[in-house]
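Me: I have a structure to read and some questions about its helices. Please take them one at a time.

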Amino acid sequence: SFARGGIYLAEAFGLKGELFFGSESGDIAGLTEVAGILLSEEFRCKLAEELAVSKRTFAKTREKVVTDMVGRKYGALLASPNNILGIEYIKAIMSLKSGIIPRTINRIGAGHDRAAELGEIMSAGELREIIKTGGDISDKLPAESAEVYAHALKDGEAPVLIESLEKAILYKLRTMTAQDFAALPDISEGLESRLCAAARKAASLYELYSLCKTKRYTLARIRRLVLCAFLGVTAKLPENPPYVRILGMDKTGEEIIRKAEFKLPLLVKAKDYAAFGDSVREVFELEARADDVYALMMPKPQECGLDYTKKVVKYD
């Protein structure tokens, strides 16, 4: 959904161009080959058969099916997170019949699920763990990133940790019924009952995740569902973004916007959203509410309604 949304928005500009993304393999031909396989009818049928009997996660089952079909070389590409996201970008380009050309850059440094070795670039996940324990990451970032982070710390805008709203999230989930959980995106196989039962028992987010996680349900999936439940994101929302929203631009961005022939409603000023249909209004208002929650999680909480008052950021 994330990948398709990104490509859908890029396509909405009505311009030709290239999409650059990082991947562990750096192999655009291999990633494109796998994307085509995942879109094939043969793969869909074999995946459905395997899922009916497999106790693996969806991702592991998908990897196995591709390996069985075309060999370990291609199946292995589905074992790494940035490869997977890149493949999803290419799938979206193919399914939307977009003219965007995919390109990949070889990702270097530690993987997202392991600690960096001596002299190796740390992953974002490892940096977040250091932040959670009160550690200093300023010497572990590129100079430009360190400067941005220092300003955010000084202004009370960082770090933003979901644990700061732990009890609020648990409260929200405890008020939900199994039917409410069933309305969430990516719910299947009775997972709504498992979430509902865990929400009534858990005294912390960690305990909630632990009660829900199994070999079939990954931690990442459970976290997404919990956040969707808390923010009110449901499966009935539009599959694709219903508008393009401009948050900021530099001179190049301004030139791109001038050249664009937008295929979706364009929101530059927040008040623009009210002029469009229900889907635009529903998504924008949900986005604004989510940002209000985010503002509350900052060390120096910000006021509500910033989506309606903040101006587009312009850089020289």
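Me: At the start of helix 2, which backbone nitrogen does a side-chain oxygen of Asp27 reach?
Reply: This is a predicted model, in which local features need pLDDT of at least 70, side-chain atom pairs count only at pLDDT 80 or more, and totals for chains, interfaces and linings use all residues. Residues are numbered from 1 along each chain as its sequence is written, and side-chain values use heavy atoms, with hydrogens and water left out. Helices (H or I, at least four residues) and strands (E, at least two) are DSSP runs, numbered from the N terminus. Within 3.3 Å of the side-chain oxygen of Asp27 is the backbone nitrogen of Ala29.

Me: What arc do the buried residues of helix 2 cover around the axis?
Reply: Buried means under 20% relative accessible area, exposed over 50%, partly exposed in between (1.4 Å probe, protein chains only). In helix 2 (residues 28–38) the buried residues are Gly30, Leu31, Val34, Ala35, Ile37 and Leu38. They lie on the same side of helix 2, because the arc, taken from the directions from the helix axis to the C-beta atoms, is only 160 degrees.

Me: Is Val160 buried or partly exposed?
Reply: Val160 lies in the loop between helix 8 (143–154) and helix 9 (166–174). Not counting residues up to four places away in sequence, Val160 touches Tyr294, Met297 and Met298, where contact means heavy atoms within 4.5 Å. Its relative accessible area is 23%, so Val160 is partly exposed.

Me: How far apart in space are Val160 and Glu33, C-alpha to C-alpha?
Reply: In sequence, Val160 and Glu33 are 127 residues apart. In space, C-alpha to C-alpha, the distance between Val160 and Glu33 is 39 Å.

Key. Polar contact = N/O pair within 3.5 Å; in protein donor to acceptor, adjacent residues only side chain to side chain.
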